[in-house]
Amino acid sequence: DRTINIELLKILGNIYSDRGDKLTTIKFYEQTLELEKSVIKTFKTRSNLSDFYSHAGRYEKAYSYLSRANEMFEKYPSALFERIYLRSLFNFQSNIGDYISAIDTLARVESNEELSNNVPLLFAHWVALCEVYYRVDDKIMSKQALNMLKNNELKDIEFYKLLYEFCENFY
């Protein structure tokens, strides 16, 4: 069955991703694109492939998948597609060292209504802001993002405590 094959390929891709083998991960995810018929799953897979290629340092391929994801976002505009696309765009910009553009992308993410209603997404957003401001040596803005993490309602959950401590150790 096609759906089972797609899910198995993604599971295998995720296993290799967890092991740090991005190129094998990419191979499995690219195979899913040949089988996938769902618009949203194709969009998410293209965004994921952009992230995988970007993390592997293969920026032209990353940009190619990012561009195709953007075309789909423009054809099917939605808050969900926007959030996924902007996350991949941010990852790409950060990985190529374009931190100023990454900050601008995060500002666009802030205007996404879905973000403001999703506390875990908001927490992840502040972590990304903290890191990118630190990379451009803007300690004041980085500390402001860190304060937003500190005052977040998730601050007492163990996983989020670890993320906060990670950001706090930048200083």
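These notes go through several helices of a predicted model, along with some single residues in them.

1. Helices α1 and α2. Helix α1 covers residues 2-18 and helix α2 covers residues 22-35. Their axes lie 7 Å apart, and the packing angle is about 165°. An angle over 145 degrees counts as roughly antiparallel, and α1 and α2 are therefore roughly antiparallel to each other. The crossing of the two is left-handed. On the α1 side the contact is made by R2, N5, I6, L9, K10, L12, G13, N14, Y16 and S17. On the α2 side the residues are K22, T24, T25, F28, Y29, Q31, T32 and L35.

2. Residue N14. This residue belongs to helix α1 and is among those that make the contact with α2. N14 counts as partly exposed, with a relative accessibility of 35%. Between N14 and I26 there are 9.6 Å in space, C-alpha to C-alpha, and the two are twelve residues apart in sequence.

3. Length and faces of helix α4. Helix α4 runs over residues 59-75. Its 17 residues should span 24 Å at 1.5 Å a residue, and the end C-alpha atoms are indeed 24 Å apart. A62, Y65, L66, A69, M72 and F73 are its buried residues. Around the axis they cover an arc of only 115°, so they sit on the same side of α4. The other side of α4 carries the exposed residues E60, E71, E74 and K75.

4. Surroundings of helix α4. Which helices help to cover the buried residues of α4? Among them are α2, α3 (39-55) and α5. Helix α2 thus appears twice in these notes: in contact with α1 and as part of the cover of α4.

5. Residue S94. Helix α5, residues 79-95, contains S94. Is S94 buried or exposed? Its relative accessible area is 11%, under the 20% cut-off, so S94 is buried. Apart from neighbours within four places in sequence, S94 is in contact with Y99, A102 and R135.

6. Helix α9. This helix has twelve residues, 139-150. From first C-alpha to last it reaches 16 Å, close to the 16 Å expected at 1.5 Å a residue. S142, A145, L146 and L149 are buried in α9. Seen down the helix axis, the buried residues fall within an arc of 105°, so they line one face of α9. The cover over these residues includes α8 (119-135) and α10 (158-168).

7. Helices α8 and α9. The axes of α8 and α9 are 8 Å apart, and the helices pack at an angle of about 160°. The pair is therefore roughly antiparallel, and the crossing is left-handed. From α8, the contact involves F123, W126, V127, L129, C130, Y133 and Y134. From α9, it involves K139, M141, S142, A145, L146, M148 and L149. Buried residues of α9, including S142 and L149, are thus part of this contact.

8. Residue A124. Helix α8 also holds A124. With a relative accessible area of 43%, A124 is partly exposed. Where does A124 stand with respect to L149? Their C-alpha atoms are separated by 9.0 Å, while the two residues are 25 residues apart along the chain.

How values were computed:
Residues numbered from 1 in each chain as written. Predicted model: local features only at pLDDT ≥ 70, side-chain atom pairs only at ≥ 80, totals over all residues. Heavy atoms only, no water. Helix = DSSP H or I, 4+ residues; strand = E, 2+ residues; numbered from the N terminus. Expected span 1.5 Å × (residues − 1). Buried < 20%, exposed > 50% of the residue type's maximum accessible area, 1.4 Å probe, protein only. Arc of directions from axis to C-beta. Contact = heavy atoms within 4.5 Å. Axes fitted to C-alpha atoms, helices over the stretch in contact; angles between N-to-C directions. Parallel < 35°, antiparallel > 145°, perpendicular 65-115°, else oblique. Left-handed = near helix turned anticlockwise from the far one by under 90°.
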